[in-house]
Amino acid sequence: EEDAVVDGNKSRVYVPVEEEHKDLGIKTGVVKSFGDYPGKPGCGHILDSNNAEYFIHFSGIKGSGFRNLAYGQHVKFRAHEGPKGLYATEVQVIVA
């Protein structure tokens with residue numbers, strides 16, 4: 001947070017810090033789980049080759065329409081580290 005003056009009034013303003021979300025690059029992994037959390041459909045986890053676990057939300061899966069992943073599918077994804085831990089975006093299923 002930092003001070004900002006708007007129309008003569010001083011207030012605190014949240015300023016996002018880029019370091020809060022670190023881009024870890026492109027990785028490959030395997031779907032550990034997806035869509036089997038009560039009350040949290042469309043969420044799951046991917047394990048990378050070092051067994052690091054990344055959270056995945058359906059909005060992070062590339063494609064249009066209904067997006068889903070299945071246990072054991074091999075995927076490529078962009079890895080990130082944020083305030084709540086590791087997460088994946090730009091997820092694509094690797095077709096053998």
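**Notebook: Leu 86 and its surroundings**

I began at Leu 86 and listed its contacts, skipping neighbours within four places in sequence: Leu 24, Ala 52, Glu 53, Tyr 54, Phe 55, His 80 and Glu 81. A reminder to myself before going on: this is a predicted model.

Where does Leu 86 sit? I found it in strand S7. Next I looked up its accessibility, which came out at 28% relative. Buried means under 20% and exposed means over 50%, so Leu 86 counts as partly exposed.

I then picked Leu 24 from the contact list and checked the separation. Leu 86 and Leu 24 lie 62 residues apart in sequence, and their C-alpha atoms are 9.4 Å apart in space.

**The S6 and S7 pair**

His 80 was also among the contacts of Leu 86, which took me to strand S6, residues 74-82. How do S6 and S7 run relative to each other, parallel or antiparallel? They run antiparallel, and I noted seven bridges joining them. The two strands form a hairpin, with two residues between them. Within this pair, I saw that His 80 stands opposite Tyr 87 in S7.

**The core**

Which residues make up the largest nonpolar core? I wrote down 12: Val 31, Phe 34, Ile 46, Tyr 54, Ile 56, Ile 61, Leu 69, Val 75, Phe 77, Ala 79, Ala 88 and Val 91. Strands S3 (22-34), S5 (53-57), S6 (74-82) and S7 (85-93) each supply at least two of these residues. S6 gives the most, with three. A general point to keep beside this list: in soluble globular proteins, nonpolar side chains tend to be buried together.

I took Ala 88 as one of the core members to follow up. Leaving out neighbours within four places in sequence, Ala 88 is in contact with Ile 46, Tyr 54, Phe 55, Ile 56, Phe 77 and Arg 78. Tyr 54 and Phe 55 are familiar names by now, as they are on the list for Leu 86 too.

**The whole chain**

Last, I stepped back to the full protein. How many helices and strands does it have? I counted zero helices and seven strands, and along the sequence the pattern reads β-β-β-β-β-β-β. Of the 96 residues, 25% are buried. I also looked at contacts with a separation of 6 or more: residues 24 or more positions apart account for 45% of them. The exposed area is about 6,800 Å², with carbon and sulfur atoms supplying 53% of it.

Methods. Residues numbered from 1 in each chain as written. Predicted model: local features only at pLDDT ≥ 70, side-chain atom pairs only at ≥ 80, totals over all residues. Heavy atoms only, no water. Helix = DSSP H or I, 4+ residues; strand = E, 2+ residues; numbered from the N terminus. Buried < 20%, exposed > 50% of the residue type's maximum accessible area, 1.4 Å probe, protein only. Contact = heavy atoms within 4.5 Å. Areas by Shrake-Rupley, 256 points an atom, 1.4 Å probe, with all protein chains shown as cover. Core = buried A, V, L, I, M, F, W, Y, C linked by side-chain atoms within 4.5 Å. Pairing = 2+ DSSP bridges.
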